[in-house]
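Colleague: I should like to learn how to read a structural model, feature by feature. Could we take one together?

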Amino acid sequence: MKTFTTAHKELSEKLNAEHQALLERTEAEDVSLEKWEKSEGEKLGACSLRLIQAVSDLRDTALTRVQASVSARMVAIKTRKSSMQAAQKEKDTFKFLQMYSQVYQDVEKAKAVDLRRGLEPGSERDTLLQEIRRDSEKMVDQTNQFWSSMLALIDPENPELNSAGSDLTLDPQMLGAGMSLSRNNRTVFQNTGTGKCDALFLISSNQTTENIQRWTVTLSENCDWVTGLCEKKNVRNVQDGPVYALCCRGDEVSFLSTDCETKQQKSDKLNTEQHHEVYSALISYKDENGDKAVQRPETVEVFWDAAASSLAFFIRLGKYLREEIVTIKMSTNNWDLVPFISLSKESGQNTAQQQWQCSCGLVYGKTLNGHTIGRRMYPQPSNCSCGAIIGGPSHTDVLCELQ
């Protein structure tokens, strides 16, 4: 049985050992928590001061110039008013005639005043607008720095802090007829004169990163699309392997996910094999009127958290504002997953073999002798009401663009 003295000694030694281990841990770190908080707080404070100063300078410049312009114009108007009032009150004919010349000049000056709002047209206004545009660009950069500093203080591991977008490109695995890529491989175009076409792209990075954790893409309302993660070896047919993705077909928004299970071989209990099943589900949310389908997103932001095995999709509503569409929990496995985008435009959206669409929106039927709208025949060559040559080269649409 331990005595109080023995227990006191053992517990003291235990506390000392834990204290020493804690000291070694904190001293081994490059930056302590307090030092980190102070450093990030100072960065945020400096960013906020620069932003406030930039906004104040921009405001003062605009107000000062406009106030000076309005004041200068109002002087002539007020002078005319006081001169006319004095002349109208003068009863002496000789004095009135002496005043008339000056009153007439004041009236002419008042009539010449430009009463439009804002600065008067001219080099001064043009120069000021150029200065404001230049300073506004600097202010936008300072706003971004302030937002990043604030996010780094609150949530340093937030994936939004990772630079994403400029280094990403589209790697075509399949490119339909009439489709083309921009020179920087970030934008997909399609000629409206083509029919049904499909395209498949892997999203790759110019930088040497282990995996892409975030991408943002703007997608046309004129095509169906799928974006997410698929197994690299099944990229030509993503549903042949595990896939996690957001889909948009028409006005319906859904997601693809994969269930995985391990089964034992009957002949050999030591051997196992993995089976996966891909399933799809429409996405909806509840409001006061019941379930409501999610609206088709125009710009989608995707976050891949490999550590948490999750893939989150958001509707991007502004530079900093977004709303979650769905977060998919992924199975933990050794699959080689890669980001992809699939595009599909049905022939019903572009009946190229029988129709020609002008850039103004008019659709002409094709015949052996020319083109028609209703019962009206347009022989070759003819011009559309907008001036374009009917049957000429079709315009191009932007189907997809990495942000």
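Modeller: The discussion below goes from the chain as a whole to its salt bridges, its aromatic pairs and its surface. Please keep in mind that this is a predicted model.

Colleague: How many helices and strands does the secondary structure of the protein chain come to?

Modeller: The chain comes to 4 helices and 20 strands. Of its 403 residues, 32% are buried. Contacts describe the fold further: among those between residues at least 6 apart in sequence, 58% join residues at least 24 apart. The accessible surface of the chain is about 26500 Å², and 51% of that belongs to carbon and sulfur atoms.

Colleague: Let us turn to the charged side chains. How should a salt bridge be read, and what is the count of salt bridges here?

Modeller: The criterion is a side-chain nitrogen of Lys or Arg within 4 Å of a carboxyl oxygen of Asp or Glu. By this rule there are 6 salt bridges. One of them joins the side chains of Arg-65 and Glu-131, at 3.8 Å from N to O. Arg-65 belongs to helix α2 (residues 33–89) and Glu-131 to helix α4 (residues 123–154), so this pair ties together parts that are 66 residues apart in sequence. Arg-65 is partly exposed, with a relative accessible area of 28%, and Glu-131 also counts as partly exposed, at 24%.

Colleague: Which residues are linked in a network of salt bridges?

Modeller: Arg-214, Glu-301 and Arg-316 are linked in this way. The side chains of Glu-301 and Arg-214 meet at 3.0 Å, N to O. Since Glu-301 lies in strand β12 and Arg-214 in strand β5 (residues 214–219), the pair ties together parts that are 87 residues apart in sequence. Glu-301 also forms a salt bridge with Arg-316, where the closest N and O atoms are 2.3 Å apart. Arg-316 is in strand β13 and Glu-301 in strand β12, so that pair ties together parts that are 15 residues apart in sequence.

Colleague: Is Glu-301 buried or exposed?

Modeller: Glu-301 is buried, at 0% relative accessibility. Arg-214 is buried with a relative accessible area of 15%, and Arg-316 is buried with a relative accessible area of 15%.

Colleague: How is a pair of aromatic rings described?

Modeller: One gives the distance of the centres and the angle of the planes. This structure holds 2 aromatic pairs. In the pair of Phe-303 and Phe-314, the ring centres are 5.6 Å apart and the planes stand at 85°, so the pair is edge-to-face. Phe-303 is in strand β12 (residues 299–305) and Phe-314 in strand β13 (residues 310–316), 11 residues apart. Both Phe-303 and Phe-314 are buried. The rings of Tyr-364 and Tyr-378 are likewise edge-to-face, because their planes are at 85°, with centres 5.4 Å apart.

Colleague: What lies over the face of Phe-314?

Modeller: Arg-322 does, at 4.2 Å from the ring centre.

Colleague: Finally, which residues form a nonpolar patch on the surface?

Modeller: The patch is formed by Phe-96, Leu-97, Tyr-100 and Tyr-104, which together have about 440 Å² of accessible area. Leu-97 lies in helix α3 (residues 93–111). As the cut-off for exposed is over 50% relative accessible area, Leu-97 counts as exposed at 58%.

Terms used
Residues are numbered from 1 along each chain as its sequence is written. This is a predicted model: local features need pLDDT of at least 70, side-chain atom pairs count only at pLDDT 80 or more; totals for chains, interfaces and linings use all residues. Side-chain values use heavy atoms; hydrogens and water are left out. Patches are made of residues with over 30% relative accessible area and no salt bridge: like charges are joined within 9 Å, nonpolar side chains (Val, Leu, Ile, Met, Phe, Trp, Tyr) within 5 Å. Accessible areas come from the Shrake-Rupley method with a 1.4 Å probe; for residues, only the protein chains shown count as cover. Helices (H or I, at least four residues) and strands (E, at least two) are DSSP runs, numbered from the N terminus. Buried means under 20% relative accessible area, exposed over 50%, partly exposed in between (1.4 Å probe, protein chains only). Rings of Phe, Tyr and Trp (its six-membered ring) pair if their centres lie within 6.5 Å; planes under 30 degrees apart count as stacked, over 60 as edge-to-face and the rest as tilted. A charge sits over a ring if NZ of Lys or CZ of Arg is within 6 Å of the ring centre and within 35 degrees of the ring normal. Contact means heavy atoms within 4.5 Å.
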